Amino acid sequence: MAEDQPTGEEEVRRVFDALDALEAMHDPKARAAAISAFLREQQPRLRRLSELRRDYVLEQRARKVTRKQIAEDIGVSPSTVQDIEQGYSGSGRNRPPTGKGRRRKSDSGDGNGDDAPTDGGVSPV
């Protein structure tokens, strides 16, 4: 029976085809309502999918599979595998501060931590 099941790539393609169909709806009101319904369901489903992926990563790491091999297997970078393993998500928003990194010194040397330029120039962002 396993031969009858779609591959992961086929399932992903089906999801994207459905999203394409949603975007292609001609009636703006119906499209907006359908998008609202999708967005309402998206977060809990993404959370569950992330948990399933993390379960796989943790299972593989428990079997002593390298991060590099897991990354190749699931199509992400080894650092993403490490983030998944440690429970991080997003773009660093929920990572605890490490205390690493360089602190900028004040240009004025007054110790107040104000990094505003003293020459009237624009501070780099």
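**Exercise 1.** Work out which handedness the crossing of H2 and H3 has, and what builds the contact.

*Solution.* Start with the crossing itself: H2 and H3 cross in a right-handed way. Keep in mind that this is a predicted model. Next, take the geometry: helix H2 (residues 28-62) packs against H3 at an angle of about 145°, and the axes lie 10 Å apart. Now list who touches whom. H2 brings Arg53, Tyr56, Val57, Gln60 and Arg61, while H3 brings Arg67, Ile70, Asp73 and Ile74. Finally, sort these residues by character: four are nonpolar, one is polar and four are charged.

**Exercise 2.** Find the residues of the largest nonpolar core and the elements that give two or more of them.

*Solution.* First, pick out the six members: Val57, Val65, Ile70, Ala71, Val81 and Ile84. Then assign them to elements: H3 and helix H4 (78-86) each give two or more residues to this core. Val57 and Ile70 should ring a bell, as they also appear in the contact between H2 and H3. Last, zoom in on Val65: leaving aside neighbours within four places in sequence, Val65 is in contact with Gln60 and Ile70. As background, nonpolar side chains tend to be buried together in soluble globular proteins.

**Exercise 3.** Decide where the protein chain can be read in detail, starting from its average pLDDT.

*Solution.* The chain averages a pLDDT of 80, with 66% of the residues scoring at least 70. Check residues 110-123 next: the pLDDT there is below 50, and this stretch has 14 contacts in the model beyond near neighbours in sequence. Where pLDDT is low, the predicted coordinates should not be read in detail.

Methods
Residues numbered from 1 in each chain as written. Heavy atoms only, no water. pLDDT = per-residue confidence, 0-100. Contact = heavy atoms within 4.5 Å. Core = buried A, V, L, I, M, F, W, Y, C linked by side-chain atoms within 4.5 Å. Buried < 20%, exposed > 50% of the residue type's maximum accessible area, 1.4 Å probe, protein only. Helix = DSSP H or I, 4+ residues; strand = E, 2+ residues; numbered from the N terminus. Axes fitted to C-alpha atoms, helices over the stretch in contact; angles between N-to-C directions. Left-handed = near helix turned anticlockwise from the far one by under 90°. Nonpolar A, V, L, I, M, F, W, Y, C, P; charged D, E, K, R; others polar.
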